[in-house]
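Here are a few exercises to work through with the model open beside you. Try each task before you read its solution.

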Amino acid sequence: MALIDDILNKYVRIKSKYSNTHLNVWGTNDAVANYSNVTVYTLDVGANSQKWLISKKLNKVVISTKADERFEIDYYRGSSNYGNATMYNHGSDMTDAQVEITGTITSCRIKNIATGHYLTTETTSSSSNVKWLPEESTNRQLWSIEIISEGGSGGSKELNMPACHNQKYHKAKDPDYPKIYSVYFNHYCCGACSVAHVSEFYSQ
């Protein structure tokens, strides 16, 4: 089984094997905006800025921050810091956000598909910057992934089962029907209706 099958639609922490610190959105109080910088930082268990959702958006694998799942890790193309890892709300175009994650859960690489560059910890500092750089044979580009919980479309869903009345037993539709009628069919749901609702729910 490929690594992506184990981590897709999961909330995770991503840890640099170079600095031994965690992938992090730089900011205050989990605030995220376009071009928020991506760094590594000492573990903060409660910080959503260090929790990530690996999911598919527009059929592309992306990494979003739990602090605000509208934002994905981006390949910054500005002239001042080209190739920096930043956050961006890509909306209807996930080209620069699409990634490929290969390896194992304890040692993997994260590649930006558009450029072929890899997510890279720049230094061993506990607050090192993170960039996208060409492939190299060092552990600056190696990461481990810790699964926290289910998330996104892979998480729990609420099934709302409306009362679906079998019309044959509905007093309003058949006022002449005897007073003793099936309370179960009137107030709840027949087996066939239940199956139909569950089938529709899981097909969404």
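**Warm-up: the overall picture**

The protein has three helices and 12 strands (DSSP runs, H or I of at least four residues for helices and E of at least two for strands, numbered from the N terminus). This is a predicted model, so to speak of local features takes pLDDT of at least 70 and side-chain atom pairs count only at pLDDT 80 or more, while totals for chains, interfaces and linings use all residues. Residues are numbered from 1 along each chain as its sequence is written, and side-chain values use heavy atoms, with hydrogens and water left out.

**Exercise 1.** Work out what share of the 204 residues is buried, and what the core looks like.

*Solution.* Start with burial: 40% of the 204 residues are buried (under 20% relative accessible area; exposed is over 50%, partly exposed in between, with a 1.4 Å probe and protein chains only). Next, find the largest nonpolar core, which has 27 residues. A nonpolar core here is a set of buried Ala, Val, Leu, Ile, Met, Phe, Trp, Tyr and Cys residues joined through side-chain atoms within 4.5 Å. Those with the most contacts inside the core include Ile14, Trp52 and Trp143. Strand S6 (residues 68-75) gives the most to this core, with three residues. As background, nonpolar side chains in soluble globular proteins tend to be buried together.

**Exercise 2.** Find the aromatic pairs, and describe how Tyr75 and Tyr82 meet.

*Solution.* Count first: there are five aromatic pairs. To pair, rings of Phe, Tyr and Trp (its six-membered ring) need centres within 6.5 Å; planes under 30 degrees apart are stacked, over 60 edge-to-face, and the rest tilted. Tyr75 and Tyr82 are edge-to-face, 5.6 Å centre to centre with 75° between the planes. Now check accessibility: Tyr75 counts as buried because its value is 3%, whereas Tyr82, at 43%, counts as partly exposed. Elsewhere, ring pairs link Tyr35, Tyr76 and Tyr88 into a cluster.

**Exercise 3.** Look for positive phi values at Asn20 and Tyr35, then place both residues.

*Solution.* Take Asn20: its phi is about 65°, positive although the residue is not a glycine. Asn20 lies in the loop between strand S1 (10-16) and strand S2 (22-25), and it is exposed because its relative accessible area is 51%. Then take Tyr35, another non-glycine with a positive phi, near 75°. Tyr35 is in the loop between S2 and strand S3 (38-41), and its 47% relative accessibility makes it partly exposed.

**Exercise 4.** Go to strand S9 and sort out the surroundings of Lys111 and Asn112.

*Solution.* Lys111 lies in strand S9 (residues 107-112), and so does Asn112. Which is buried? Asn112 counts as buried because its relative accessibility is 0%; Lys111, at 22%, is partly exposed. Now list contacts (heavy atoms within 4.5 Å), leaving aside residues up to four places away in sequence: Asn112 touches Tyr75, Asp96, Gln98, His117 and Trp132. With neighbours within four places likewise left out, Lys111 has contacts including Gln98, Glu100, His117 and Trp132. Last, the side chain of Asn112 makes a polar contact with the side chain of Thr115 at 3.0 Å. Such a contact is a pair of N or O atoms within 3.5 Å; within protein, one must be able to donate a hydrogen and the other to accept it, and residues adjacent in sequence count only if both atoms are side-chain atoms.
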